[in-house]
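Me: Please walk me through this model in short steps. I like numbers with their cut-offs attached.

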Amino acid sequence: MNEQIIILDFGSQYTQVIARRVRECSVYSTILRYDTPAAEIARLKPSGIILSGGPSSVYAPDAPLPDKNIFALGVPVLGICFGVQLLAQFNGGKVEKGLKREYGKGTLTVKDPTCALFAKLPKSLQVWNSHGDKLTKIPNGFKAVAVTENSEYAAIENRAKKFFGLQFHPEVAHSPRGKEIIANFVHGVCGCGKNWTMRNYVDQAVEEIRAQVGQEKVILGLSGGVDSSVAAALLHKAIGDQLTCIFVNNGLLRANEAEVVQEVFGRNFKLKLQYENSAKQFLSKLKGVTDPERKRKIIGKEFVEVFQAATKRAGAAKFLAQGTLYPDIIESVPIAGNPAALIKSHHNVGGLPKNMKFALVEPLKNLFKDEVRQLGLELGLPKEIVYRQPFPGPGLAVRILGEVTPSRCEILRNADAIVVEEMKASGLYYKIWQSFAVLLPIRSVGVMGDERTYDYTIAIRAVESQDGMTADWVKLPYDLLEKLASRIINEVKGVNRCVLDITSKPPGTIEWE
Ligand code: XMP
């Protein structure tokens, strides 16, 4: 079993960030609910426990509290923000409402450089604070090891017990050396090695898949996106021809998408790929439909039908594989005021019908997205697939406003190919969240040579985002915009005007629909 750090989640919006920082130190981390019994935690044999921050006050009547026995497991504990207040509260310290809310950048001054958390770090560090309550008395056995402008107990330590508390957030990017503090905790204090790497994980995952699947057959819906592609490559390594991947061409794909999937998975990986060309079927069902929600519903329903028929043709399979990721399965903590609990994707597809009785294989369910990409590279997938931008399930249909017709699909596909090509050439494609073309349903007048034209408009959309929930429009260089517009208008028949979308999310959405 891997060494691991347990993170108890008290509802901080940064809990997953803590988990990722630990993993970036090549140490496995698991997020558990704040009230997980100490006995259960002990069974997992953690090398250390981190108490996350959270929006509550330790003295509030409904404050989320941990099992007090976690402090008696003999395991190092690091409390962050709300976590340090818990550490103090449970060990005889005192927490009070701060007179001044400390929010934003601060300067940490290390008072005791022998504290293991600050090994090899300078005496003065920029850190990020976000807390109202503050420690006013530290528990017996503890010592203040660093201060900020507003807090004489910005970092505390009980060296004998290996308990540490940080009033600031070392996990966020605004604490530039914070990752080293976390590394000092997991390696220096908890004694973890660097065993969690995707190279090591491949063997472990292959074994687990084989143990789960045995000699049974597995079906995977391959979309060509990052998650299903990496899941396919991993499963193929584990069980070879027991895996059948079904790829549905819904007629709403980007240029060359079907060819690339067939090339990479069929010819290179030589996995069993069942290609379902259902473009005509989807497009005929979309005829005359302009309402965006109806379009989505039709595409969803059609997909289920095509997929269901395809699985029958693939032969009896016991398992269905899905590219579920770790953030999809972490239970969010239902604490009032916890923004992380409110953020839910509105795109959760209804899934497959209940009568499709499969057992699930979810080989990526312990991984964060960046780990999935690393794993993909480890398995030999090309960068074009591993780092590709997200593409919505309903495909070009959400980027064609108004009716989706074969000729409109063709126009958008050609314009989009130019956007992708030029974004890649400029080096920006892999640096931003998404960049694509949108086909507007209006036509306007233009001139081309001596001729009057009456053609469509393409909108260019490029956004920066961490997770698609909020987004900023990207200030693409003028010369790139000029090239995009001139190529699209000159090369794509049916387009005579190009505009740039400069809307952020909120209030806009990323897709136009
Ligand atoms: P919006 O348009 O809601 O999009 O700001 C946020 C992110 O979600 C993607 N998106 C989808 N992804 N199925 C998906 O898998 C969908 O139906 C879907 N609709 C939007 C969108 O591309 C953006 O990254």
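Me: Gladly, let's start at the ligand: which residue has a backbone N or O atom 2.7 Å from an oxygen atom of the ligand?
Reply: First, this is a predicted model, where local features need pLDDT of at least 70, side-chain atom pairs count only at pLDDT 80 or more, and totals for chains, interfaces and linings use all residues. Residues are numbered from 1 along each chain as its sequence is written, and side-chain values use heavy atoms, with hydrogens and water left out. A polar contact is a pair of N or O atoms within 3.5 Å; within protein, one must be able to donate a hydrogen and the other to accept it, and residues adjacent in sequence count only if both atoms are side-chain atoms. The backbone atom at 2.7 Å from the ligand oxygen belongs to Ile510.

Me: How much of the ligand's own accessible area does the protein cover?
Reply: Accessible areas here come from the Shrake-Rupley method with a 1.4 Å probe, and for residues only the protein chains shown count as cover. On its own, the ligand has 490 Å² of accessible area, and the part covered by the protein is 84%.

Me: Which side chain has an N or O atom 3.2 Å from an oxygen atom of the ligand?
Reply: Two further contacts help here. A nitrogen atom of the ligand has a backbone N or O atom of Gly393 at 3.3 Å. The side-chain partner, 3.2 Å from a ligand oxygen, is Trp433.

Me: How many residues surround the ligand?
Reply: A residue counts as near when one of its heavy atoms lies within 4 Å. Among the closest are Arg296, Gln434 and Lys505. By class, the shell has four nonpolar, six polar and three charged residues, where Ala, Val, Leu, Ile, Met, Phe, Trp, Tyr, Cys and Pro count as nonpolar, Asp, Glu, Lys and Arg as charged, and the others, Gly among them, as polar. The number of surrounding residues is 13.

Me: Which domains does the ligand lie between?
Reply: Domain bounds come from an automatic or database domain assignment. Two domains give residues to the shell, so the ligand lies between domain 2 (198–386) and domain 3 (405–500).

Me: Where are the cis peptide bonds, and what is omega for the one from Pro506 to Pro507?
Reply: Most peptide bonds are trans. Lys505 and Pro506 are joined by a cis bond with omega about -15°. Pro506 sits in the segment after strand 18 (495–500), with helices (H or I, at least four residues) and strands (E, at least two) taken as DSSP runs numbered from the N terminus. The cis bond from Pro506 to Pro507 has omega near 5°.

Me: Lys120 has a positive phi; what is its relative accessible area?
Reply: Most residues other than glycine have a negative phi. Lys120 has phi near 65° and sits in the loop between strand 5 (94–110) and strand 6 (124–137). Buried means under 20% relative accessible area, exposed over 50%, and partly exposed in between (1.4 Å probe, protein chains only). Lys120 is exposed, at 84%.

Me: How many salt bridges does the model have?
Reply: The rule asks for a side-chain nitrogen of Lys or Arg within 4 Å of a carboxyl oxygen of Asp or Glu. Arg159 and Glu157 satisfy it, with their closest N and O atoms 3.0 Å apart. By this rule, the count is 28.

Me: How many residues apart are Arg388 and Glu257?
Reply: Their side chains form a salt bridge at 3.9 Å, N to O. The bridge links distant parts of the chain, Arg388 being in the loop between helix 13 (383–386) and helix 14 (406–426) and Glu257 in helix 7 (residues 257–268). Both residues are buried, and the separation in residues is 131.

Me: Which residue does Arg487 meet in a salt bridge at 2.7 Å?
Reply: Arg487 lies in helix 15 (residues 478–491), and its partner lies in helix 14, 65 residues apart. Both partners are buried. They also belong to a network of salt bridges that includes Glu421, Lys483 and Glu491. The partner at 2.7 Å is Glu422.
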